[in-house]
Amino acid sequence: MRRAATWRRKRVLEIGCGDGRLTLRLARLGAHVTAIDPDGSLIAKARRALPPRFANRIHYQVGKAGTLKFASQSFDLVIFAWSF
């Protein structure tokens, strides 16, 4: 992940975050992450597992890639991995 991009202080949209494993890695690299997944149970699991030290850098929400509701240029980077 370190070689793929500079993550520090970047606003990142993660599409298909699942239970948040990659989300936490991105936050550890310094990113501010909005992480979405269509499965509400996975979002709930990710929220429960969110360490307090990342609470100000990670925002989980239920959402689908086909119906994104974010303003243009809301993010510096978008990641769509391990999803279909």
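**Note on the predicted model**

1. Strand 1 and strand 2 (residues 32–37) run parallel and are joined by five bridges. Within this pairing, Ile15 has Ile36 of strand 2 opposite it. The coordinates under discussion are those of a predicted model, and the points below should be read accordingly.

2. The pairing of strands 1 and 2 belongs to an open sheet of four strands, ordered 3-2-1-4, with parallel pairing. Strand 3 and strand 4 (77–80) are the edge strands, each pairing on one side only. On average, and with direction ignored, neighbouring strands of the sheet are turned by 20° against each other.

3. Two helices should be considered together with the sheet. Helix 1 (residues 21–28) packs on the sheet and touches strand 1, strand 2, strand 3 and strand 4. The direction of helix 1 makes about 155° with that of strand 3. Helix 2 (residues 40–49) lies across strand 2 and strand 3, and runs at about 160° to strand 3.

4. Glu14 merits attention. This residue is found in strand 1 (residues 11–15). Glu14 is buried yet has no salt bridge. Arg21 carries the nearest side chain of opposite charge, and that side chain is 8.7 Å away; a salt bridge would require a side-chain nitrogen of Lys or Arg within 4 Å of a carboxyl oxygen of Asp or Glu.

5. The surroundings of Glu14 may be listed as follows. With neighbours within four places in sequence left aside, Glu14 is in contact with Leu22, Thr23, Leu26, Val33, Thr34, Ala35, Ile36 and Ile79.

6. His59 lies in strand 3 (residues 58–62). Its relative accessibility is 42%, so His59 counts as partly exposed. When neighbours within four places in sequence are set aside, His59 is in contact with Val33, Thr34 and Ala35. The C-alpha atoms of His59 and Thr34 are separated by 4.8 Å, although these residues are 25 residues apart along the chain.

7. The structure holds one aromatic pair. The ring centres of Phe70 and Phe75 are 5.1 Å apart and the ring planes stand at 85°, so the pair is edge-to-face; the cut-off for that class is an angle over 60 degrees. Phe70 has 30% relative accessibility and therefore counts as partly exposed.

Notes. Residues are numbered from 1 along each chain as its sequence is written. This is a predicted model: local features need pLDDT of at least 70, side-chain atom pairs count only at pLDDT 80 or more; totals for chains, interfaces and linings use all residues. Side-chain values use heavy atoms; hydrogens and water are left out. Rings of Phe, Tyr and Trp (its six-membered ring) pair if their centres lie within 6.5 Å; planes under 30 degrees apart count as stacked, over 60 as edge-to-face and the rest as tilted. Buried means under 20% relative accessible area, exposed over 50%, partly exposed in between (1.4 Å probe, protein chains only). Contact means heavy atoms within 4.5 Å. Lys and Arg count as positive and Asp and Glu as negative; His and the chain ends are not counted. Two strands pair if DSSP finds at least two bridges between them. Axes are lines fitted to C-alpha atoms, for helices over the stretch in contact, and angles run from 0 to 180 degrees between N-to-C directions.
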